[in-house]
Amino acid sequence: QVHLVESGGGLVQPGGSLRLSCRASRTFFFANDMGWYRQAPGKERELVVSITRSGITHYADSVKGRFTISRDDAKSTAYLQMDSLKAEDTAVYYCNFKDQWWTDLWGEGTQVTVSS
């Protein structure tokens with residue numbers, strides 16, 4: 001079965017940048033929306049950003065102007081460029097692909113810690 005492999009997380013100081021990647025374990029021939037979610041300690045998982053097949057994006061207000069999602073369907077990969085990181089961005093970040101039936105596939109999560 002297809003699973004999603006995430007990379008790029010780590011520790012960064014406030015104001016810094018990270019780029020997360022999420023790739024399918026094998027070629028994923030059809031994906032509807034892709035997106036990134038995050039879950040901070042003691043909080044519910046929340047949508048950070050999603051992107052449709054045509055490239056239409058929806059960003060959470062908290063990350064607008066700082067985060068950028070992109071997708072490369074030929075590589076079955078989604079990316080999240082995170083700039084101007086803040087302490088409140090600290091969370092486990094999960095990528096999400098929706099297949100042709102709009103069924104969710106989830107990554108295992110990658111830790112992003114923003115701290116001085």
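1. Let me start with the pairing of β3 and β8, bearing in mind that this is a predicted model. Strand β3 covers residues 18-24 and is joined to β8 by six bridges, with the two strands running antiparallel. If you want a register check, look at R19: its bridge partner in β8 is Q81.

2. That pair sits inside an open sheet of four strands, in the order β1-β3-β8-β7, paired antiparallel. The edges are β1 (4-7) and β7 (67-72), each of which pairs on one side only. On average, neighbouring strands in this sheet are turned by 15° against each other, direction ignored.

3. The β1 edge is worth a quick look. β1 pairs with β3 in the antiparallel sense, over four bridges, and E6 has C22 as its bridge partner in β3. Side chains in a regular strand alternate between the two faces of the sheet. In β1, L4 and E6 make up the covered face, while V5 and S7 are on the uncovered one.

4. Now the disulfide. The structure holds one, formed by C22 and C95, with the sulfur atoms 1.9 Å apart. The link is right-handed, with 50° about the S-S bond. C22 belongs to strand β3 and C95 to strand β9, so the pair ties together parts that are 73 residues apart in sequence. Both C22 and C95 are buried.

5. On to β9, which I would treat as the strand to follow through the rest of this note. Seven of its eight residues are buried, so β9 is largely enclosed by the rest of the structure. Its pairing with β4 is antiparallel and runs over six bridges; there, W36 has C95 as its bridge partner in β9. β9 also pairs with β11 in the antiparallel sense, over three bridges, and V92 stands opposite Q111 in β11.

6. β9 has a further antiparallel partner in β10, to which three bridges join it. N96 is matched with W106 in β10 in that pairing. The two strands form a hairpin with five residues between them, and W102 in the turn has a positive phi of about 65°. I'd have a look at that turn on screen.

7. Which residues does N96 contact beyond its sequence neighbours? Leaving aside those within four places in sequence, they are L4, D33, M34, G35, Y37, D104, L105 and W106. N96 lies in strand β9 and counts as buried because its relative accessibility is 2%, under the 20% cut-off. Its side chain makes a polar contact of 3.1 Å with the side chain of D104, and also reaches the backbone oxygen of L105 at 3.4 Å.

8. L105 itself is placed in strand β10, residues 104-106. It has 13% relative accessibility and so counts as buried. Apart from neighbours within four places in sequence, L105 is in contact with V2, L4, F28, C95, N96 and F97. For a sense of distance, L105 and F67 are 22 Å apart in space, C-alpha to C-alpha, and 38 residues apart in sequence.

9. The core next. Nonpolar side chains tend to be buried together in soluble globular proteins. Here the largest nonpolar core has 30 residues, of which W36, F67, L80, M82, Y93 and F97 touch the most other members. The elements giving two or more residues to this core are β3, β4 (34-39), β5 (46-51), β7, β8, β9 and β11 (110-114). M82 gives a good view of the surroundings: setting aside neighbours within four places in sequence, it is in contact with G16, S17, L18, L20, R66, F67, Y93 and V112.

10. Finally, D89, an acidic residue you could easily skip over. Is D89 buried or exposed? Its relative accessibility is 0%, so it counts as buried, and D89 is found in the loop between β8 (77-82) and β9 (91-98). Not counting neighbours within four places in sequence, its contacts are R38, V63, R66, F67, S84, V112 and V114. R66, F67 and V112 are also among the contacts of M82.

Methods. Residues numbered from 1 in each chain as written. Predicted model: local features only at pLDDT ≥ 70, side-chain atom pairs only at ≥ 80, totals over all residues. Heavy atoms only, no water. Buried < 20%, exposed > 50% of the residue type's maximum accessible area, 1.4 Å probe, protein only. Contact = heavy atoms within 4.5 Å. Pairing = 2+ DSSP bridges. Axes fitted to C-alpha atoms, helices over the stretch in contact; angles between N-to-C directions. Core = buried A, V, L, I, M, F, W, Y, C linked by side-chain atoms within 4.5 Å. Disulfide = S-S within 2.5 Å. Polar contact = N/O pair within 3.5 Å; in protein donor to acceptor, adjacent residues only side chain to side chain.
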